[in-house]
Amino acid sequence: MATLRYAIALLSLTVGLSAAAQADSDQQLDVDPDSGLVMAEGWETVKANCSVCHSISLATQNRGNRKYWADTIQWMQETQGLWPFAPEMEATILDYLAEHYGPRENTRRSNLPPHLMPQAPSTESDAG
């Protein structure tokens, strides 16, 4: 019984410290109330360009390094009708996203690469 109480106390302390750390980091950054974007250099460019086609939450819920964001922009340009950016504007967007929405070290692991995923079940009927 004492071990269970100790485990519960330890878990409560861990959750409390984690929440306090998150609150401290959130208080250090100004966030635009309309978009949820961190108000730092380049945020208005991101808001103006990214919110034209989709919710800003599509960007803020994702995390990636500069290459991830560059690949995402390229994919949107090739498949979704996103217009080409001037090099300076694209650099501003990539700098902002990589800095404020870059990978996190202490969160869920990255997705497995396709070659490590199990084969998807067949959609064909077994009766044939």
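This passage describes the fold, the surface and the salt bridges of a predicted model.

The protein chain contains five helices and zero strands. Along the sequence, the pattern reads α-α-α-α-α. The chain has 128 residues, and 19% of them are buried. The exposed surface of the chain comes to about 9,900 Å². Carbon and sulfur atoms supply 56% of that area. Contacts with a sequence separation of 6 or more were also examined. Of these, 56% are accounted for by residues 24 or more positions apart.

Side chains of opposite charge can pair when their charged atoms come close. In this model, four salt bridges were counted.

One of the salt bridges pairs Asp-95 with Arg-66. The closest N and O atoms of this pair are 2.3 Å apart. Asp-95 belongs to helix α5, which spans residues 87-100. Arg-66 belongs to helix α4, which spans residues 66-79. The two residues are 29 positions apart in sequence, so their salt bridge ties together separate parts of the chain. Both partners are partly exposed: the relative accessible area is 44% for Asp-95 and 36% for Arg-66.

Helix α4 also holds both partners of another salt bridge, Lys-67 and Asp-71. Here the N to O distance is 2.7 Å. Lys-67 and Asp-71 are four residues apart in the helix, so about one helical turn separates them. Lys-67 is exposed, with a relative accessible area of 55%. That value lies over the 50% cut-off for exposed residues. Asp-71 is partly exposed, at 36%.

Salt bridges with shared partners join Asp-32, Asp-34 and Lys-47 into one network. Within this group, Lys-47 forms a salt bridge with Asp-34. The closest N and O atoms of Lys-47 and Asp-34 are 4.0 Å apart. This pair links distant parts of the chain, with the two positions 13 residues apart in numbering. Lys-47 lies in helix α2, residues 43-50. Asp-34 lies in the loop between α1, residues 2-27, and α2. Asp-34 is exposed, with a relative accessible area of 67%. Lys-47 is partly exposed, at 26%.

In summary, the predicted chain consists of five helices without strands. Its salt bridges include a link between helices α4 and α5, a pair inside helix α4, and a link from helix α2 to the loop between α1 and α2.

Notes: Residues are numbered from 1 along each chain as its sequence is written. This is a predicted model: local features need pLDDT of at least 70, side-chain atom pairs count only at pLDDT 80 or more; totals for chains, interfaces and linings use all residues. Side-chain values use heavy atoms; hydrogens and water are left out. Buried means under 20% relative accessible area, exposed over 50%, partly exposed in between (1.4 Å probe, protein chains only). Contact means heavy atoms within 4.5 Å. Accessible areas come from the Shrake-Rupley method with a 1.4 Å probe; for residues, only the protein chains shown count as cover. A salt bridge is a side-chain nitrogen of Lys or Arg within 4 Å of a carboxyl oxygen of Asp or Glu.
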